[in-house]
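Biologist: Please take a close look at one strand of this protein, at its neighbours and at its exposure to solvent.

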Amino acid sequence: MRKLALLLLPLAIAACSSQEPAPADSAEDFASRVGAPGTSTTGGTAVVAAPQTVETTAARIAPPPNTDVTQLERLGNIGGVDLGPRAGGCTFSADGQEMLVAAGPNDRALPGKATVRAGGKLILLDAPPGGYDQVKAGTTFNGEGFSVLVQPTGRDTGQMTITDVQGRQKSFNGRWVCS
């Protein structure tokens, strides 16, 4: 029995070592990617928001009452967001703060999805059919009571325009990075 264990040990080690671990973000990379809780973007400048309890999953819900959706908040923790099947994803950030994350499936007949944070809640937005290609090329994401248009303006740059139900708009120039 001991000889059998000694013979199987190299096979077990080889099997474990043949799997390459996924690359891991450093703590600093992760923190800079998702942002710090309790911050928001006002006019492209980070401001500290009052501490509050936020939901960690995005849902197709209206922003909380009296929320100015043109003042999107820094995304922060988006671990509970399900953007569905995806061929790739894109991120819009202004002044180094992620404000929208989007993805789309490989099938052009299916819609893309995005998430933003407004009023302390992650809100899931839908795009028209077109899959990842449409998301990457720029599209309008619709939520309850507002829409977000993202348009590439150059390589890894873009403009995001938020329009609420009253027709008020706010635009941000920033980075539109897709992978």
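Modeller: The account below moves from the whole chain to a single strand and its partners. This is a predicted model, in which local features need pLDDT of at least 70, side-chain atom pairs count only at pLDDT 80 or more, and totals for chains, interfaces and linings use all residues. Residues are numbered from 1 along each chain as its sequence is written, and side-chain values use heavy atoms, with hydrogens and water left out.

The protein chain contains 3 helices and 10 strands; helices (H or I, at least four residues) and strands (E, at least two) are DSSP runs, numbered from the N terminus. Of its 179 residues, 37% are buried, a term for under 20% relative accessible area with a 1.4 Å probe, protein chains only.

Strand β4 covers residues 97-104, and 8 of its 8 residues are buried, so β4 is largely enclosed by the rest of the structure. Strand β3 (residues 88-94) runs antiparallel to β4 and is joined to it by 7 bridges; two strands pair if DSSP finds at least two bridges between them. Within this pairing, G89 has A103 of β4 as its bridge partner. The two strands form a hairpin with 2 residues between them, and D95 in the turn has a positive phi of about 50°.

Strand β5 (residues 111-118) also pairs with β4 in the antiparallel sense, over 3 bridges. Here A103 stands opposite K113 of β5. β4 and β5 likewise form a hairpin, with 6 residues between them.

Definitions and conventions:
Buried means under 20% relative accessible area, exposed over 50%, partly exposed in between (1.4 Å probe, protein chains only).
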